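Q: Please look over this chain with me. I would like to go through confidence, packing and a few individual residues.

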Amino acid sequence: MAEQTASLREKPDSAVVRDALGVGTAVGLSGFAFGVTSAGSGLSLLQTCALSLLVFTGASQFALVGALAVGGNPYTAAAGAFFLGIRNAFYGLRLSQLLALPRALRPLAAQWVIDETTAVTLPQPTRRAARIGFTVTGLTLYVLWNLTTLVGALGAEALGDTDAWGLDAAGPAVFLALLAPMLKSTTERVTAGLAVVLVLGLLPVLPAGAPVLVSALAAPLVLFLKGRGRGAEDDGTDIGRTTPGEGR
């Protein structure tokens, strides 16, 4: 019985590789949009490729070049990109336990701790499957993202006005497509919605990049309101609660 249960939990390596290749390829191709957007914002070919090689987290990269493109302060733009990238540190805490990689490999693996590798790795039923999913997704995405970044930066001049092509929206669209399925609870959806409202409302009044930083306040605000709501429910329950024999 135990052997049958274990076999049901196993997942063929080919299935893990297929899923990982699908995610890595689909997202990796959007590096082209980043290359075009980065070049259009004034960054050089070397700067654009260095961002993909060294930073390698799409949302932060798009946030940085997007803020620079509209004339934002470089320090504010970098701060916004940095705080977006902090989420990867929390992914790493979970993945380090799941993957249990040798110490020598951990610094290298840390470069691939991003939304996509986390999304593929966490659902895997075994450590072997998790390692395969993480490695294949990370390798595929890293290679494709950097290649398409180079192609996009080189082709930016040939495309002309990048705004006319709408490529600046490709990065955020990919990020939202990855984020949406993760918003499973009402609290998560409300937090995401409030963050969007904050960003859109503050765009006209704050420097470029700053609204992203302020939107982080959505999480503690929702948690605070949720806590107060629970407290009010508990108070109401206590008031109406009676012990046996009372009120007769």
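A: A definition comes before the rest: pLDDT is the predictor's confidence in each residue, on a scale from 0 to 100. A contact means heavy atoms within 4.5 Å. Over residues 238–248 pLDDT stays under 50, and the model has zero contacts for them beyond four places in sequence.

Q: Where did the numbering and the cut-offs come from?
A: This is a predicted model, in which local features need pLDDT of at least 70 and side-chain atom pairs count only at pLDDT 80 or more, while totals for chains, interfaces and linings use all residues. Residues are numbered from 1 along each chain as its sequence is written, and side-chain values use heavy atoms, with hydrogens and water left out.

Q: What does the model have beyond four places in sequence for residues 1–8?
A: Zero contacts, and pLDDT stays under 50 there as well. Where pLDDT is low, the predicted coordinates should not be read in detail.

Q: And what does the chain average in pLDDT?
A: The average is 81, and 78% of the residues score at least 70. Confidence is lowest in helix α1 (residues 2–9), with a mean of 48, and highest in helix α4 (residues 45–55), at 94.

Q: How many helices and strands are there?
A: The chain has 15 helices and zero strands. Helices (H or I, at least four residues) and strands (E, at least two) are DSSP runs, numbered from the N terminus.

Q: What share of the residues count as buried?
A: Of the 248 residues, 33% count as buried. Buried means under 20% relative accessible area, exposed means over 50%, and partly exposed lies in between (1.4 Å probe, protein chains only). As for contacts with a separation of 6 or more, residues 24 or more positions apart account for 74% of them.

Q: Turning to packing, at what angle do α4 and α5 cross?
A: Their axes cross at roughly 150° and come within 10 Å, α5 being residues 58–69. The axes are lines fitted to C-alpha atoms, for helices over the stretch in contact, and angles run from 0 to 180 degrees between N-to-C directions. The two helices are therefore roughly antiparallel to each other. Leu-51, Ser-52 and Val-55 of α4 make the contact with Gln-61, Leu-64 and Val-65 of α5.

Q: What are the cut-offs for those angle words?
A: Angles under 35 degrees count as roughly parallel, over 145 as roughly antiparallel, 65 to 115 as roughly perpendicular, and the rest as oblique.

Q: How do α3 and α4 pack, then?
A: They pack at an angle of about 135°, with their axes 9 Å apart. That makes α3 oblique to α4. The contact is made by Phe-34, Gly-35, Ser-38 and Ala-39 of α3 and by Thr-48, Leu-51 and Ser-52 of α4.

Q: Why is α3 described as largely enclosed?
A: Seven of the 10 residues of α3 (residues 31–40) are buried, so the rest of the structure largely encloses this helix. The buried residues are Gly-31, Ala-33, Phe-34, Gly-35, Val-36, Thr-37 and Ser-38. Just after α3, Gly-42 takes a positive phi of about 110°.

Q: Which residue in the loop between α4 and α5 should I look at?
A: Phe-56 is located there. Most residues other than glycine have a negative phi. Phe-56 is not a glycine, yet has a positive phi of about 50°.

Q: Is Phe-56 buried or exposed?
A: Phe-56 counts as buried, at 3% relative accessibility. Ala-100 also has a positive phi of about 50° although it is not a glycine, and it counts as partly exposed at 29% relative accessibility. Ala-100 lies in the loop between α7 (87–99) and α8 (106–110).

Q: New topic: what does Thr-121 touch?
A: Not counting residues up to four places away in sequence, Thr-121 touches Leu-95, Leu-98, Leu-99, Ala-130, Gly-133 and Phe-134. Thr-121 belongs to helix α9 (residues 115–121) and is buried, with a relative accessible area of 0%.

Q: Which backbone oxygen does the Thr-121 side chain reach?
A: The side chain reaches that of Thr-117, at 2.6 Å. A polar contact is a pair of N or O atoms within 3.5 Å; within protein, one must be able to donate a hydrogen and the other to accept it, and residues adjacent in sequence count only if both atoms are side-chain atoms.

Q: Lastly, where is Val-16 found?
A: Val-16 is in helix α2 (residues 13–28), and is buried at a relative accessible area of 0%. Val-16 and Val-136 are 120 residues apart in sequence and 8.8 Å apart in space, C-alpha to C-alpha.
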